[in-house]
Amino acid sequence: MKKIIRSRWMAAALAGAMVLTAGCGKKEEPAQPAKTEAPAAESKAEGGGEKSGTIRFAIYTDTARDLVAQAQAELYMEKNPGVKVEIVSVPFANYYTQLGQGLAAGSAWDVFMINGASFAELGKTGQLMDLTDEITSRGMNMDEYVVDPMNSAYQGRTYVLPYELNTSAILYNKDMFDAAGVEYPSPDWTWEDFQETAGKLTNPEKNEFGCYIRLGQPDINSFVYQAGGNMFNEDLTKISFDTPEVKKALNYTTDLVTKYGYAPSPEQLPANIAPFMTNKIAMASAMCFEVLTVEAAEFNWGIAPWPKDVNQGGSYWTQGMAVYNGTKNKDLALDYIFFLAGEEAQNVMAEAGGAAPSLLKVAQGDKYLDADAPDGMKYFVDEFVEGRAVAEPFTAKWGAIWGSATSVVQTELSLVRTGKESLEDAIAKMGADSQKLLDEIS
């Protein structure tokens, strides 16, 4: 299965279907027309008879995820020939707009992916089906999964089942390391090691850089966590960029660009291609769901853990699944969402080798970490299992503030990295502007 899905993905990639973003780890693609018309309900046999009907499962557009969702659907339909599963793939930039339109019109998708920021808003509306009793009656043990409370439960009731675990790590170009005679990153390397390694791999004459530091997630949050800090207070009412820990992280990442020249400035980045894929960047961060994109690289590469300062690790988040409470196909939608959370469907995800399955025994198993997996793939899972990862604090406030504040942060840090503004001035502006945004939604 892994080879089949990867070969399909490679064909799509070569046709130009997917480019890894250089921004925040999510893909933004052209808008697609909203699909709000729900299929007519079809009869379903009761009492254990043959299932029949049509349901829609909505996902964020991503070539690898599309193939996984389709393979899962095909497996389910093979077992249930009377059922038709339609995969609705919507670009992330438009996904939640279309979901809101469907909910407002009473025609939302039957089953759909959902993240913590959106669950914080929808969990209390009554538009998501309460899955608590079904979890008990079906004997599902939630302790066997990566379960993010921010993306699953409201007032003690569960509305979202786990689907994906999205963790981060460092990609490194083995060919560049080998050519420079530099040892590959070790599991216990530090910020000092990272900086020294980046220096050895930087070659201005060849326009080669030792590392690339993204302006958005996961890099900023990850380096702040490594420095022992947090930009938000516990109840997310205050955001600050001028604490010692946050300033330490911003200084460290900025120096790699402006002081040492080990990382490219925004003006030095290529257009329409992920920097790591240029074969000119020795190290760059990635989320596990981005790995399949890198499979198209024409150079040897591997995966390393984040370097350590006070902490070692990076940001992670989960993607869950919910059932629309107004679905006309309740029994079938419930059956399908529990199938997707089950071992068979999670194995389909594992065999693809992109996003990590939420079922931990599958994420840690041979199918996800087999011989076909890239060198170091286990670090994505180890980071979470060993407690070397920090969850994004997804709440309604987080979704609103980070959606707005990201543009503020990226604008200011871009000015810093191009020498048009001092980091001190940028920190003051980021703090003031972001806090104003936060106050407006509090």
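**Helices and nonpolar cores of the predicted model**

T197 is buried, because its relative accessible area of 12% falls under the 20% cut-off. The model in which this residue is described is a predicted one. T197 belongs to helix α7, which comprises residues 191–200. When neighbours within four places in sequence are left aside, T197 is in contact with F177, V182 and M283.

In soluble globular proteins, nonpolar side chains tend to be buried together. The largest nonpolar core of the present model contains 85 residues, and those touching the most other members are F57, F112, L161, W301 and Y336. Helix α11 (residues 330–341) supplies the largest share of this core, namely 9 residues. A second core, separate from this one, has 43 residues, among them L215, F241, W306 and V409. The surroundings of F57 may be described in further detail. With residues up to four places away in sequence not counted, F57 touches A69, E86, I87, V88, V111, F112, M113, Y163, M321, Y336 and L340.

Helix α3 spans residues 92–105. At 1.5 Å a residue, its 14 residues should span 20 Å, and the end C-alpha atoms are indeed 20 Å apart, so the expected and computed values agree. An α-helix has 3.6 residues a turn, so residues three or four places apart point the same way. The buried residues of α3 are N94, Y95, Q98, L99, G102 and L103. These buried residues pack against three strands, β1 (53–60), β2 (83–90) and β3 (111–115), and against helix α4 (116–122). After α3 comes G106, which has a positive phi, near 75°.

A glycine with positive phi also follows helix α14: G387, just after this helix, has a phi of about 75°. Within α14 (residues 378–385), the buried residues include Y379, F380, V381, D382 and E383.

Two packed helices are described by the angle between their axes and the distance between the axes. For helix α8 (residues 219–226) and helix α9 (residues 244–258), the axes come within 8 Å and cross at roughly 120°. Helix α8 is therefore oblique to α9. The crossing of these two helices is right-handed. On the side of α8, the contact is made by I220, F223 and V224, while α9 contributes V246, A249, L250, Y252 and T253.

Definitions and conventions
Residues numbered from 1 in each chain as written. Predicted model: local features only at pLDDT ≥ 70, side-chain atom pairs only at ≥ 80, totals over all residues. Heavy atoms only, no water. Helix = DSSP H or I, 4+ residues; strand = E, 2+ residues; numbered from the N terminus. Expected span 1.5 Å × (residues − 1). Buried < 20%, exposed > 50% of the residue type's maximum accessible area, 1.4 Å probe, protein only. Contact = heavy atoms within 4.5 Å. Core = buried A, V, L, I, M, F, W, Y, C linked by side-chain atoms within 4.5 Å. Axes fitted to C-alpha atoms, helices over the stretch in contact; angles between N-to-C directions. Parallel < 35°, antiparallel > 145°, perpendicular 65-115°, else oblique. Left-handed = near helix turned anticlockwise from the far one by under 90°.
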